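The exercises below are meant for a reader who is meeting this structure for the first time. Each one sets a task and then works through a solution step by step.

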Amino acid sequence: MDLETIARELDLTDLTPALGGADAEVTAGYASDLLSDVLANAPEGGVLVTLQVHLNVVAVASHAELAAVIFSSGRLPDAEVVAKAAAEDLRLYATDAGTFDVVGRLYGLGVTGGREA
Amino acid sequence: MQTLRADLHVHTALSPCGGDEMSPPAIVDAALAAGLDMIAVCDHNAAGNAGAVGEAAGGRLAVIAGMEITTVEEAHVVGLFPTAAAAGNAADEVRAQLPAIDDDYTRFFGEQFLMSARGIVRGAETHALALATPLRLEEAVDLIKRYGGLAVAAHIDRPTFGVIAQLGFFPFEAGFDAVELSRFAPPGSPAAAACADYHLPIVRSSDSHYLEDVGCVATALTVDAPTFAELALALKRREGRTVSDA
């Protein structure tokens, strides 16, 4: 599933439209608001769903080599955060939907956590 | 110059999670018994008992008025203020952003007692101090500095509520004056070693919620007097003032 399709299916707002790479294939996802946990456990190339909009989200997501971040529950990052993400080639999306619903819809599209017990 | 033992993070019965035995005179007695020369009173999102602890100390113990702010990222930031009045004004700004407590609140979170210097309950805080404020980390640090305070990244070695646990990396841009290590990160531990990279002074504080923990770890301050101004100089490592492990 590529990011462009995910964004369209979930009606996400694209916060970094100038970036390329929307055709990047995303196969896994992660949901967490504890960024130390994201850093340790998020799958490379995956998409992160979080309501944390702090600047460190970009640092953590870049370090974890994530493909994109979806901010849930209507939370929006500052312009500084968006600019940093653009510089790091990290795609950012936003939605009013809550994390649970975002993850449910991603799962329905075949994007799983890849860590089922 | 003198070397003081300071525990710069002690809660009172005002914190919902603080023991009800954490009254001003009991805290002073516990601090003196632990050989401390200075404590900082840091309740969650409030500072209503700091003045009473200072009064209870009656000059036997230096008492810094502080507050531990919970940011929107659920990171804890300790503010240390020049006076109880400054801490009170800063706390009024923080408390106002928290909802009022409801009937079930104290059952789940605990009592929030305001106490006199003699340890008499004189009221209760009506805002929900256990909750996170809407303040972003940088806003919390800025608020502390607007009231002349020092901002300390609380218990950064802990798995929850420290800035590193919540944010993954240390937020250099926030403008902290110091980082705090808990009793669980003794000198030589990996967490303590990692702190060296931040190039900020390190304080060791008990984060006491119960009397038995007051002073279980401490920071050594080499200063001219047990005052806020000297503490500020020590954290800035100016004019020969320093902080080190106690």
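What follows is a short note on conventions and then five exercises with their solutions.

This is a predicted model, in which local features need pLDDT of at least 70 and side-chain atom pairs count only at pLDDT 80 or more, while totals for chains, interfaces and linings use all residues. Residues are numbered from 1 along each chain as its sequence is written, and chains are lettered from A and ligands numbered from 1 in the order in which they are written.

**Exercise 1. Describe the confidence of the prediction and the overall build of chain B.**

Step one takes the confidence: the predictor gives the complex an ipTM of 0.81 and a pTM of 0.91. For chain B the mean pLDDT is 96, with 100% of its residues at 70 or more; pLDDT is the predictor's confidence in each residue, from 0 to 100.

Step two lists the elements: chain B has eight helices and eleven strands, where helices (H or I, at least four residues) and strands (E, at least two) are DSSP runs numbered from the N terminus.

Step three turns to dimensions. The C-alpha trace of chain B spans about 50 × 40 × 30 Å along its principal axes. Its radius of gyration is 16 Å, which agrees with the value near 18 Å that a compact globule of 246 residues would have; the radius is taken over C-alpha atoms, and the globule rule is 2.2 Å times the number of residues to the power 0.38.

Step four looks at burial: 54% of the 246 residues of chain B count as buried. A residue is buried if 20 or more other C-beta atoms lie within 10 Å of its own, exposed if 12 or fewer, and partly exposed in between, with C-beta atoms placed from the backbone.

**Exercise 2. Give the same kind of description for chain A.**

Chain A has five helices and five strands, and read along the sequence they follow the pattern α-β-β-α-β-α-β-α-β-α. The radius of gyration of chain A is 12 Å, close to the 13 Å that the globule rule gives for 117 residues, so chain A is as compact as a globular protein of that length. Its C-alpha atoms fill a box of roughly 35 × 30 × 25 Å along the principal axes, and buried residues make up 41% of the 117 residues.

**Exercise 3. Which residues of helix 5 of chain A are buried, and which are exposed on the face turned away from them?**

First, the buried residues of helix 5 (residues 99-108) of chain A are A:Val102, A:Val103 and A:Leu106. Seen down the helix axis, these buried residues fall within an arc of 95°, so they line one face of the helix; the arc is that of the directions from the axis to the C-beta atoms.

Second, the face turned away carries the exposed residues A:Phe100, A:Gly104, A:Tyr107 and A:Gly108.

Third, the buried residues of helix 5 pack against helix 1, strand 2 (29-31), strand 3 (47-50) and strand 4 (68-71) of chain A. Just after helix 5, A:Gly110 takes a positive phi of about 95°.

**Exercise 4. Explain why helix 3 of chain A counts as largely enclosed, and follow it to the contact with chain B.**

Six of the eight residues of helix 3 (residues 56-63) of chain A are buried, so this helix is largely enclosed by the rest of the structure. The buried residues are A:Asn56, A:Val57, A:Val58, A:Ala59, A:Val60 and A:Ala61. What covers them includes helix 2 (35-41), strand 3, strand 4 and helix 4 (79-87) of chain A together with helix 6 of chain B.

The contact between the chains takes ten residues from chain B and eleven residues from chain A, where two residues are in contact if their C-beta atoms, placed from the backbone, lie within 7 Å. Helix 6 (residues 163-167) of chain B supplies four residues, the largest share of the side of chain B that touches chain A.

**Exercise 5. Where do A:Asp11 and B:Glu239 lie, and are they buried or exposed?**

A:Asp11 has a positive phi of about 55° although it is not a glycine, and its place is in the loop between helix 1 (3-9) and strand 1 (13-14) of chain A. With 10 C-beta neighbours inside 10 Å, A:Asp11 counts as exposed.

B:Glu239, also not a glycine, has a positive phi of about 50° and lies in the loop between helix 8 (228-235) and strand 11 (242-245) of chain B. B:Glu239 is exposed, with 11 other C-beta atoms within 10 Å.
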